[in-house]
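Reader: I'm new to this one, so could you take me through it slowly? I'd like to begin with a helix and then change topic as questions come up.

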Amino acid sequence: MKTSVLSYRAKAPFADMGGQGLHTKHTPITPLVDGFNRQLTYLRLSVTDFCNFRCDYCLPNGYQGKRPDDELSLAEIDTLFGGFVGFGTKKVRLTGGEPSIRRDLSDIIALAKQHGIAKVAISSNGYKLSKHLASWQNSGLNQLNLSIDSFDKDTFKKITGFDMLPTLLNDVDTLLETTDIKLKMNGILMHDTAYDNLLSALDYIKERPVTYRFIEFMQTSDNSDLFFAQNQTAHFIKDYLNTHGWQTKTKAQDDGPAIEYTHPDYLGSIGIIEPYAKNFCDGCNRLRVSSLGKVHLCLFDSQNYDIRPYLSTQDKKGLMMALKNLMPIKPEHHHLDAHSGIMNNLSLVGG
């Protein structure tokens, strides 16, 4: 069920949020803290839900329908960043869909840096990566996460619908050689390819300062058949790493949920993301905002909350009050093991 500002005000959290403008430059920052004493310093902003890939676990039939023509504007994103910075947000991840579809993505990166965001990251499929590298670097991008679900070109094509793995890996080497953008790679754990992908990933990061992260397959309402056919836990990867001299790395405050492993003989590292793990949500530090201005308190929650009226009127004070008043209802954990909420596919809010 989607909830608008008007209908939600009757439930109290959005009440009494009027007022225009808020000058926080000299105001002490009070961080967003939810009802479970978790400090939220990480914003994941989906700038579009459109994706040009057809990954079998997300959009096997491609993006359906017409891309919305009312995605958040730069002015609205400016207000959004201003409000979150007022709460001490330190990290912003720009997601999709495929964020590079936005022609103004470099402007969005630059805007985040102008607001003083310490770490700006992008999650991307890497399509035409070489075309974007210079502008992303010049705009201040700190980190890029690429979806590379296989190092085998035929498997990559089967998963994504695109025969471009060699080009993408060449572009990655260019990134490593010519920029200071930190690189992470993500791969969805699939039963049929997990072991081969582990060996390939270890070989790949041996001489490259790249973190390759294995993400357990998450069930949505659109991928149930594939999920039950290919679901693979990360236990065997952890067992392999633990018996081959890998050690867990201490997490930074603004890090996501991945557990990273390092080894003295490897330049790169291995990460594991286990959304079904018992304590996965204990350290949640993020909020998600969709490309149409909806706040998702949890990736798999059954509701979202419309903050666009504050963005469209540059009402930073109203925005901050709205976000603050949502904190008591942020759930303690997801219910991914029971249902997928409103999540038809992960392109809706970028995973």
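Author: This is a predicted model, and a good place to begin is helix α4, residues 129–139, in which Leu129, His132, Leu133, Trp136 and Ser139 are buried.

Reader: And where do those buried residues sit around the axis of α4?

Author: They are on the same side of α4, because together they cover an arc of only 145° around the axis.

Reader: Which exposed residues are on the face turned away from that buried side?

Author: That face of α4 carries Lys131, Ala134 and Asn138, which are exposed.

Reader: Ok, and what covers the buried residues of α4?

Author: The cover includes two helices, α3 (105–114) and α6, together with the strands β6 (119–124) and β7 (143–147).

Reader: What follows α4, and what is its phi?

Author: Gly140 follows α4, and the phi of Gly140 is positive, near 105°.

Reader: Let's switch to charges. How many salt bridges are there?

Author: The count comes to ten salt bridges. As background, side chains can pair if they carry opposite charge and their charged atoms come close.

Reader: Which residue does Glu71 meet in a salt bridge?

Author: Glu71 meets Arg67, with a distance of 2.9 Å from N to O between their side chains.

Reader: Are those two buried or partly exposed, and why?

Author: Glu71 counts as buried because its relative accessibility is 13%, and the cut-off for buried is under 20%. Arg67, by contrast, has a relative accessible area of 29% and is therefore partly exposed.

Reader: What about Arg102, which residue forms a salt bridge with it?

Author: Arg102 pairs with Asp104, and their closest N and O atoms are 2.9 Å apart. Both Arg102 and Asp104 are buried.

Reader: And Arg208, which partner does it have?

Author: The side chain of Arg208 meets that of Asp173 in a salt bridge, at 3.1 Å from N to O. This pair links distant parts of the chain, 35 residues apart, since Arg208 lies in the loop between α7 (194–205) and β9 (211–216), while Asp173 belongs to helix α6, residues 165–178.

Reader: Buried or partly exposed, that pair?

Author: Arg208 counts as partly exposed because its relative accessibility is 25%, and Asp173 is likewise partly exposed, with a relative accessible area of 23%.

Reader: Last thing: which residues are joined into one network by salt bridges that share partners?

Author: That network is made of Arg67, Glu71, Arg102 and Asp104, joined through salt bridges that share partners.

Key: Residues are numbered from 1 along each chain as its sequence is written. This is a predicted model: local features need pLDDT of at least 70, side-chain atom pairs count only at pLDDT 80 or more; totals for chains, interfaces and linings use all residues. Side-chain values use heavy atoms; hydrogens and water are left out. A salt bridge is a side-chain nitrogen of Lys or Arg within 4 Å of a carboxyl oxygen of Asp or Glu. Buried means under 20% relative accessible area, exposed over 50%, partly exposed in between (1.4 Å probe, protein chains only). Helices (H or I, at least four residues) and strands (E, at least two) are DSSP runs, numbered from the N terminus. The arc is that of the directions from the helix axis to the C-beta atoms. Contact means heavy atoms within 4.5 Å.
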